[in-house]
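This report covers side-chain contacts, burial and one helix. Have the sequence and the coordinates to hand.

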Amino acid sequence: MEVFVRPAERQDAINLMQLIFQLQDESSTFLVEQDPNQIEPDEEADNIDILQTTTNNIMLVAKTDQGQLVGLASASALSGQPRIAEIGEAVLNDFQGHGLAQAMLAELLDWATTFSTVEKLVLTVQEKNTIAIHIYEKLGFEFVAGSETKILNSDHERVPAFDMALLVVK
């Protein structure tokens with residue numbers, strides 16, 4: 001089975017919502033700010049359209065050759081700071097360990113350097129997510145000193161986390 005990484009499209013909205021629900025069920029490190037139960041498919045389709053028409057936001061999906069969405073990655077400009085984008089990514093458990101998260105992150109970095117108006121990428125990662133930390137470090141992200149904090153995970157527990165950042169070189 002082959003998996004392809006590509007920008008999300010309007011017609012992905014329903015499958016994307018299903019993916020988000022499954023990711024939340026599978027992982028304690030994946031958390032969506034807005035309750036997915038409150039988002040209608042048409043609203044999600046509109047959100048995808050809006051994201052994909054800006055130069056400081058993007059959403060990518062990983063899709064199998066059978067049409068199943070198995071991962072997502074996004075970069076979203078911070079409110080009031082359009083040159084800084086926060087990234088996030090997640091892959092279904094059955095598709096982890098095959099380089100998919102790294103491939104999606106590499107696509108985000110390519111977008112950031114060749115197309116976007118973003119100058120810095122930032123993320124918050126749970127300390128226990130050592131595999132993700134390794135991927136981020138491998139692609140050039142660095143620990144932000146003094147950023148240690150506790151965040152809510154998808155089980156609504158406060159867990160240790162910290163920020164990482166990468167300056168985008170054009």
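Which residues are linked in a network of salt bridges? Arg 6, Glu 9 and Asp 12 are. A salt bridge here is a side-chain nitrogen of Lys or Arg within 4 Å of a carboxyl oxygen of Asp or Glu.

This is a predicted model, so local features need pLDDT of at least 70 and side-chain atom pairs count only at pLDDT 80 or more, while totals for chains, interfaces and linings use all residues. Residues are numbered from 1 along each chain as its sequence is written, and side-chain values use heavy atoms, with hydrogens and water left out.

**Salt bridges**

The count comes to five salt bridges. Three of them are tabulated here, with closest N and O distances.

| Acid | Base | N to O distance |
|---|---|---|
| Glu 9 | Arg 6 | 4.0 Å |
| Asp 49 | Arg 10 | 2.5 Å |
| Glu 119 | Arg 83 | 3.8 Å |

Asp 49 and Arg 10 link distant parts of the chain, 39 residues apart. Asp 49 is in helix H2, and Arg 10 is in the loop between strand S1 (3–7) and helix H1 (13–26). Helices (H or I, at least four residues) and strands (E, at least two) are DSSP runs, numbered from the N terminus.

Burial uses relative accessible area: buried is under 20%, exposed over 50%, partly exposed in between (1.4 Å probe, protein chains only). Arg 6 counts as buried at 19%. Its partner Glu 9 is partly exposed at 33%. Asp 49 is partly exposed at 33%, and Arg 10 at 36%.

**Asn 56**

Asn 56 sits in the loop between helix H2 (41–52) and strand S2 (58–64). At 13% relative accessibility it counts as buried. Its side chain makes a polar contact of 2.9 Å with that of Asn 57. Such a contact is a pair of N or O atoms within 3.5 Å; within protein, one must be able to donate a hydrogen and the other to accept it, and residues adjacent in sequence count only if both atoms are side-chain atoms. The Asn 56 side chain also reaches the backbone oxygen of Pro 82 at 3.1 Å.

**Helix H4**

In H4 (residues 130–138), Ala 132, Ile 133, Ile 135 and Tyr 136 are buried. Down the axis they fall within an arc of 160°, so they line one face of the helix; the arc is that of the directions from the helix axis to the C-beta atoms. The face turned away carries exposed Thr 130, Ile 131, His 134 and Lys 138. Just after H4, Gly 140 takes a positive phi of about 105°.
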